[in-house]
Amino acid sequence: MGLLDGLLRDKIVLVNGGSQGLGAAIARAAVREGAVVAVTGRRTEPGEALVAELASAGAEAMFVRADLADAEQAGAAVAEVVDAHGRIDCLVNSAGLTSRGTLLDTTPELFDAHIAINLKGPFFAMQAAVADMVARKAPGTIVNIITSSAHGGQAFLAPYVAAKAGLAGLTRNAAHAHRWDRIRINGLNIGWTATEGEDATQRAFHGAGDDWREQAAAKLPMGRLGQPDEIADFVVFLLSDRSGVVTGSVIDWDQNVLGGLD
């Protein structure tokens, strides 16, 4: 049994950054709810492995190799999906760069890399998807994966926060611009989540050992990190008609409360 059984039946869904981690969880959840799914990624092997997994379960899926840091490739990925299926109904921007940098040690190159992947890529993917929806005079939905750190974040996340805060603003701007086109655009400010990418980040930048998840969970109010499949279910809900008329919302999907003080 699925989330609500068939929330995305016959929808064409593109998940950027969908070959692993949260993106892959979103792709699996979308397929479970009846969608035809396309996923993008920079590396072919994990993308094709995910598509094979989904196909073996009877789903229709495709992999598009694309580097979302390149605006042209971001738009071309949408075009490839439209060429294959005649349209795009839903877009999820899940690709992200989380490498560390403070205000004082961030280089122009690191800053540009964050802007490219965390803001420019989603911008031009949205541009291409919305253009298709508007040309067909058809409704559509977009969900941007942002971060709770967009509210301010840690000192070592300066370029990440700058880019993701921009994505939050873009989400609201685009939602306002296209509400009369019946295109709903929302975002999720996710908190600390147990993904492959987070594991690599913790090991590379914070010297984390094999028990870092347990140590991190002990410091959190609910005693555990967020799980990709939980977020994926929420994304599917926002993509679906079941979420009604909601647009322009950037939702804090976290266990810490903004503005709350002890």
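User: What do the side chains of Arg32 and Glu33 meet in?
Analyst: Arg32 and Glu33 meet in a salt bridge, at 3.5 Å from N to O. The term stands for a side-chain nitrogen of Lys or Arg within 4 Å of a carboxyl oxygen of Asp or Glu. A quick heads-up: this is a predicted model, where local features need pLDDT of at least 70 and side-chain atom pairs count only at pLDDT 80 or more, while totals for chains, interfaces and linings use all residues. Residues are numbered from 1 along each chain as its sequence is written, and side-chain values use heavy atoms, with hydrogens and water left out.

User: Is Glu33 buried or exposed?
Analyst: Glu33 is buried, since its relative accessible area is 0%. Buried means under 20%, exposed means over 50%, and partly exposed is in between (with a 1.4 Å probe, protein chains only). Arg32 counts as partly exposed because its relative accessibility is 39%.

User: Cool. Which residue does Arg32 form a salt bridge with, 2.8 Å apart?
Analyst: That one is Asp233, with 2.8 Å between the closest N and O atoms. The pair links distant parts of the chain: Arg32 belongs to helix α1 and Asp233 to helix α8, 201 residues apart. Asp233 is partly exposed, at 25% relative accessibility. Through salt bridges that share partners, Arg32, Glu33 and Asp233 are joined into one network.

User: How do those helix names work?
Analyst: Helices are DSSP runs of H or I with at least four residues, strands are runs of E with at least two, and the numbering goes from the N terminus.

User: How many salt bridges does the structure hold?
Analyst: There are 6. One of them joins Arg28 and Glu53, at 2.7 Å from N to O. It also links distant parts of the chain, with Arg28 in α1 (residues 21-32) and Glu53 in α2 (residues 44-56), 25 residues apart. Arg28 is partly exposed at 37%, and Glu53 is partly exposed at 36%.

User: Back to α1. How many of its residues are buried?
Analyst: α1 is mostly covered, with 10 of its 12 residues buried. Among them are Leu22, Ile26 and Val31.

User: What span should α1 have?
Analyst: Its 12 residues should span 16 Å, and the end C-alpha atoms are 17 Å apart, which agrees. The expected span is 1.5 Å times one less than the number of residues. Just after α1, Gly34 takes a positive phi of about 100°.

User: New topic: how many aromatic pairs are there?
Analyst: The count comes to 2. Rings of Phe, Tyr and Trp (its six-membered ring) pair if their centres lie within 6.5 Å; planes under 30 degrees apart are stacked, over 60 edge-to-face, and the rest tilted.

User: What about Phe123 and Phe124?
Analyst: Their ring centres are 5.0 Å apart and their planes are at 55°, so the pair is tilted. Phe123 is partly exposed at 38%, and Phe124 is partly exposed at 27%. Phe234 and Phe237 form a tilted pair as well, 6.5 Å centre to centre with 45° between the planes.

User: Where do Phe234 and Phe237 lie?
Analyst: Both are in helix α8 (residues 228-239), 3 residues apart, or about one turn of the helix. Phe234 is partly exposed at 27%, and Phe237 is partly exposed at 29%.

User: Last thing: how much space lies in the second largest pocket?
Analyst: About 230 Å³. Of its 15 lining residues, the closest to the centre are Pro139, Gly140, Thr141, Arg182 and Arg184. On a 1 Å grid over the protein atoms alone, a pocket is an open set of points with protein on both sides within 12 Å along at least five of seven lines, unlike a cavity, where a 1.4 Å probe fits but cannot get out; lining residues have an atom within 4 Å of a point. Grid points are joined across faces, edges and corners, and the volume is the space filled by probe spheres set on the points.

User: Which strands supply at least two residues of that lining?
Analyst: Those are β5 (140-145) and β6 (183-190). By class, the lining has 5 nonpolar, 4 polar and 6 charged residues. Here Ala, Val, Leu, Ile, Met, Phe, Trp, Tyr, Cys and Pro count as nonpolar, Asp, Glu, Lys and Arg as charged, and the others, Gly among them, as polar.
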